[in-house]
Amino acid sequence: MGIKEIMKPKYDGIRLNVSIISDVHFDKKHPTPEVLYERTGAGFKDMQASESPVDLMAIPGDTTSHGNEENWNMFVETLQIARPAKDILVNIGNHDTWGEDDVYGRYYRMCELTTGHRPDKVYFTRVFGGYTFICIGSEKDVGCGAYISDEQIAFLDEELKKA
């Protein structure tokens with residue numbers, strides 16, 4: 001028996017194949033923004049070419065360095081290089097809250113454009129393959145930290161009980 005047969009993963013019984021990529025920090029003002037496209041695009045292509053198809057690509061935050069239009073557009077353009085999974089989940093990170101006006105409205109629109117789901121708050125629940133994903137996020141720009149309201153904590157408590 002060859003090494004390939006020994007090392008080949010077994011995919012029987014996989015209920016949900018999730019790839020997670022975080023802190024991409026797309027930024028048009030980066031000294032070499034093309035590197036962000038190339039490296040992230042290569043990662044998306046790798047996910048797309050996985051032996052076991054990726055059901056969900058989750059981005060837990062910091063898709064952008066600053067949540068402006070041109071940085072979010074970099075993410076959209078990179079998805080055009082390769083669609084890494086059937087479904088995509090984009091959560092807001094603290095860097096995504098940095099920037100000029102309407103960073104939250106822009107995040108909601110970009111979620112709808114790239115995932116087909118438009119949250120109405122930075123915290124929400126989605127179900128993929130029978131698994132519950134609970135997303136929480138900063139409700140206002142507080143620099144390197146995150147602002148989580150009492151309402152959001154109550155939401156999280158309730159969702160954890162349900163899940």
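**A first walk through the fold**

Okay, let's start with one residue, Ser19, and work outwards. Leaving out residues up to four places away in sequence, Ser19 touches Met47, Val54, Leu56, Met57 and Ala58. Ser19 sits in strand S1, which covers residues 18–20. Is Ser19 buried or exposed? Its relative accessibility is 16%, so Ser19 counts as buried. One thing before I go on: what you see is a predicted model.

Now step back along the chain to Asn17. Asn17 is in the loop between helix H1, residues 3–7, and S1. Asn17 also has a relative accessibility of 16%, so it counts as buried. As for what Asn17 is in contact with, ignoring neighbours within four places in sequence, we have Ser50, Ser52, Pro53, Val54, Asp55 and Leu56. You'll have heard Val54 and Leu56 before: they're on the list for Ser19 too.

Let's zoom out for a moment. The protein has 163 residues, and 45% of them are buried. Its secondary structure comes to 5 helices and 5 strands. If you read along the sequence, you get the pattern α-β-α-β-α-β-α-β-β-α. The C-alpha trace spans about 60 × 45 × 25 Å along the principal axes. On the outside, the protein exposes about 9,200 Å², with carbon and sulfur atoms supplying 52% of that. And here's one about the contacts: take those with a separation of 6 or more, and 69% of them are between residues 24 or more positions apart.

Right, on to the helices. Two packed helices are described by the angle between their axes and the distance between the axes. First pair: H2, residues 33–48, and H3. Their axes come within 9 Å and cross at roughly 45 degrees. That angle makes H2 oblique to H3. The crossing of H2 past H3 is right-handed. Who makes the contact? From H2 it's Pro33, Leu36, Tyr37, Thr40, Gly41, Phe44 and Lys45, and from H3 it's Met74, Phe75, Glu77, Thr78, Leu79 and Ile81. Sort that contact by class and you find 8 nonpolar, 3 polar and 2 charged residues.

Second pair: H3 again, residues 69–81, this time with H4, residues 103–115. How do these two pack? The angle is about 10 degrees, and the axes are 11 Å apart. An angle under 35 degrees counts as roughly parallel, and H3 and H4 are therefore roughly parallel to each other. On the H3 side we have Glu69, Trp72, Asn73, Phe75, Val76 and Leu79, and they meet Arg106, Tyr107, Arg109, Met110, Leu113 and Thr114 in H4. That contact divides into 7 nonpolar, 2 polar and 3 charged residues. Keep an eye on Phe75 and Leu79 here: both take part in the contact of H3 with H4, and both are also in the contact with H2.

Last stop, His117. Follow the chain on from H4 and you'll find His117 in the loop between H4 and strand S4, residues 124–128. His117 has a relative accessibility of 22%, so it counts as partly exposed. Apart from residues up to four places away in sequence, His117 touches Cys111, Glu112, Phe124 and Arg126. And if you want a distance to try on screen, pick the C-alpha atoms of His117 and Pro60: they are 57 residues apart along the chain and separated by 15 Å.

That's my tour, thanks for listening!

Note on methods. Residues are numbered from 1 along each chain as its sequence is written. This is a predicted model: local features need pLDDT of at least 70, side-chain atom pairs count only at pLDDT 80 or more; totals for chains, interfaces and linings use all residues. Side-chain values use heavy atoms; hydrogens and water are left out. Axes are lines fitted to C-alpha atoms, for helices over the stretch in contact, and angles run from 0 to 180 degrees between N-to-C directions. Helices (H or I, at least four residues) and strands (E, at least two) are DSSP runs, numbered from the N terminus. Angles under 35 degrees count as roughly parallel, over 145 as roughly antiparallel, 65 to 115 as roughly perpendicular and the rest as oblique. Contact means heavy atoms within 4.5 Å. Ala, Val, Leu, Ile, Met, Phe, Trp, Tyr, Cys and Pro count as nonpolar, Asp, Glu, Lys and Arg as charged, and the others, Gly among them, as polar. A crossing is left-handed if the near helix is turned anticlockwise from the far one by less than a right angle, and right-handed if clockwise. Buried means under 20% relative accessible area, exposed over 50%, partly exposed in between (1.4 Å probe, protein chains only). Accessible areas come from the Shrake-Rupley method with a 1.4 Å probe; for residues, only the protein chains shown count as cover.
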